[in-house]
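The questions below ask what lies behind the terms used for this structure. Each answer sets a computed value beside the rule that applies.

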Amino acid sequence: MSAVQATTAFDTVRTPDPANRPIKIHTASVKVTYGQKEALHGVSIDIPERAVTAFIGPSGCGKSTFLRCINRMNDTIAGARVEGTIKLDDQDIYDPDLDVVELRARVGMVFQKPNPFPKSIFDNVAYGPRIHGLARSKADLEEIVVTSLQKASLFNEVKDRLNEPGTGLSGGQQQRLCIARAIAVSPEVILMDEPCSALDPIATAKVEELIDELRANFTIVIVTHSMQQAARVSQRTAFFHLGHLIEEGPTDHVFTNPLEQRTQDYITGRFG
Amino acid sequence: MEHTVSAYDDDLKAIARMVTEIGGLAERAVGDSVAALTRLDLALAQRVVAGDKELDRLQHEIEEKAILVIARRQPMANDLREIVGAMRIANDIERIGDLAKNIAKRVVAINGVFPNKQLITGVEHMCEIALQQLKRVLDAFASQDDQAAGAVRQRDDEIDALYTSLFRELLTYMMEDPRNLTFCIHLLFCAKNIERIGDHATNIAESVHYVVTGRSYEEERPKADASITSTISGS
């Protein structure tokens, strides 16, 4: 009678992208094992370009693990093994010949807790362009720093104190500084792992506004525990549960009319 | 499955209960208004008019409660659809109450005019079907039964057809003797009101369909009201 189906199989329920955006990241059968424990049991999803894709799901569902595969952050964890295919613009990012440092310049990351370097605001943003050799001159570097801070909607608040330490900013400003730092190296993809969970509602709104602006130029993947945030900022939503991708589809669809029973139970607050 | 926060379930149940309550009041108002018409019972008609306040009050209460739940719990998916559905349904029911009240007011106006029993029987018959429709669609909402709602939506053309034939009959009577005019016009409005009540029942059926499936009907519902195109020569 109801439109919701209860499946026990682990086939992902998919609703295609009505906007038909080009695919930026293609993943197929991604499995992640930590030692003996398999945390992700084969996840396949295509992430569209210049859009925000949100990963939701209860703690331990594998959404952060999957996010960290996209810029090979799991390489840094001892005993972690990643199988399957992850391609960024048709390039296999687990290709042994691939330069991981270069990959992480293309796929930036913003973490849950703002983590500015213990350096000045200017140096925080200038750090990436410096090590990647993106600036030819001092003036060049200054311009990158200023535009990055502007894109992160932080410039007006900090323009008079660029030489003060980044750690002296408020939590919300620190998070926007981290976003400025991530976009200073002109990445193509920005991964965000619960970027607002340590912020107050106003700072959260500013970051969300920023995410909405950034999607014109970047492909954004965000992991969030706030369903409302996923509903507000993303165009596509993927629901993870116990290491499986249960459902993925247009955000408007997933939050008003999910197709899978477990998705509906989770987003309506009925999880056992 | 129940919500992790049990007070949320209580909120949703309270809204559903109020919709059932306002639905029951509307059913009674419609039945009483037509009973007052057939018996020319002025006292009953006045009770229907007075009772409309309670319907308005309940509709407000449902709306306020729904807004509060949205603000407090940010409902999603089927919960959100259920709350939006309850608000829409309460609106339709409130309108049904207004239409019943309008029929009751006409009983007072008709009083003293020579009534034609046969014509009134036609209105009564329309009313019986409209009441069945209303009852079934409210049950469909209470039990989240999409099929039952669909059946209500399919049956509305029956009321439309009855209305069309009554419309033609009334035209004939009015042409026969201008002294029938007052009575016939009041009766025509009563019949039109009942036809509108049927339409509201269909709206409710459409809301139930949305609540249960998350989708809107794609195909048009059957329609049989031909009175709009009727003329005196064509009647």
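Q: What makes E1(A) and strand E11 (residues 244–250) of chain A a pair, and in which sense do the two run?
A: The model is predicted. Two bridges join E1(A) to E11(A), and a pair needs at least two bridges, so the two strands count as paired. They run parallel. In this region A:Arg14 stands opposite A:Glu248 in E11(A).

Q: Why are strand E1 (13–14) and strand E7 (107–110) of chain A called edge strands?
A: Each of the two pairs on one side only. They belong to an open sheet of seven strands, with the order E1-E11-E10-E4-E9-E8-E7 in chain A. The pairing in that sheet is mixed.

Q: How do you know that strand E9 (residues 219–223) of chain A is largely enclosed by the rest of the structure?
A: Burial takes 20 or more other C-beta atoms within 10 Å. Five of the five residues of E9(A) are buried, so the strand is largely enclosed. A:Thr219, A:Val221 and A:Val223 point one way, A:Ile220 and A:Ile222 point the other way, and all are buried. In a regular strand the side chains alternate between the two faces of the sheet.

Q: Which strands pair with E9(A), and what makes each a pair?
A: Strand E4 (residues 52–56) of chain A pairs with E9(A) in the parallel sense over four bridges. There, A:Ala54 has A:Ile222 as its bridge partner. E8(A) also pairs with E9(A) in the parallel sense, over five bridges, and A:Val189 has A:Thr219 as its bridge partner. The cut-off is at least two bridges, so both count as pairs.

Q: How do you know which strands lie at the edges of the sheet with the order E3-E2-E5-E6 in chain A?
A: Strand E3 (37–48) and strand E6 (91–92) of chain A each pair on one side only, as edge strands do. This open sheet has four strands and antiparallel pairing. Strand E2 (residues 23–34) of chain A is joined to E3(A) by nine bridges, and A:Val32 has A:Leu40 in E3(A) as its bridge partner.

Q: Why is H3(A) called roughly parallel to H6(A)?
A: The axes of H3(A) and H6(A) cross at roughly 30° and come within 7 Å. Angles under 35 degrees count as roughly parallel, so H3(A) is roughly parallel to H6(A). The crossing is right-handed.

Q: Which residues make the contact of H3(A) with H6(A)?
A: From H3(A) come A:Ile121, A:Asn124, A:Val125, A:Tyr127 and A:Gly128, which meet A:Leu177, A:Ala180 and A:Arg181 in H6(A). By class, the residues of this contact are five nonpolar, two polar and one charged. On H6(A) there is a further relation: the helix lies across E7 and strand E8 (189–193) of chain A, at about 170° to E7(A).

Q: Which residues of helix H3 (residues 121–131) of chain A are buried, and against what do they pack?
A: A:Ile121, A:Asn124, A:Val125, A:Ala126, A:Gly128 and A:Pro129 are buried. The buried residues of H3(A) pack against helix H4 (138–151), helix H5 (155–158) and helix H6 (171–183) of chain A. After H3(A) comes A:Gly133, with a positive phi near 60°.

Q: What makes the phi of A:Arg72 worth a remark?
A: A:Arg72 has a positive phi of about 60° although it is not a glycine. Most residues other than glycine have a negative phi. A:Arg72 sits in the loop between helix H1 (63–69) and strand E5 (80–88) of chain A.

Q: Why do A:Arg72 and A:Leu242 count as partly exposed?
A: Partly exposed lies between 12 or fewer neighbours, which is exposed, and 20 or more, which is buried. A:Arg72 has 17 C-beta neighbours inside 10 Å, so A:Arg72 is partly exposed. A:Leu242 has 15 other C-beta atoms within 10 Å and is therefore partly exposed. A:Leu242 lies in the loop between strand E10 (236–241) and E11 of chain A, with a positive phi near 50°.

Q: How many residues of chain B are in contact with chain A, and where do they come from?
A: 19 residues of chain B are in contact with 16 residues of chain A. Helix H3 (77–110) and helix H6 (181–213) of chain B each supply at least two residues of that side of chain B. The largest share, five residues, comes from H3(B).

Note on methods: Residues are numbered from 1 along each chain as its sequence is written. Chains are lettered from A and ligands numbered from 1 in the order in which they are written. This is a predicted model: local features need pLDDT of at least 70, side-chain atom pairs count only at pLDDT 80 or more; totals for chains, interfaces and linings use all residues. Two residues are in contact if their C-beta atoms, placed from the backbone, lie within 7 Å. Axes are lines fitted to C-alpha atoms, for helices over the stretch in contact, and angles run from 0 to 180 degrees between N-to-C directions. Angles under 35 degrees count as roughly parallel, over 145 as roughly antiparallel, 65 to 115 as roughly perpendicular and the rest as oblique. A crossing is left-handed if the near helix is turned anticlockwise from the far one by less than a right angle, and right-handed if clockwise. Ala, Val, Leu, Ile, Met, Phe, Trp, Tyr, Cys and Pro count as nonpolar, Asp, Glu, Lys and Arg as charged, and the others, Gly among them, as polar.
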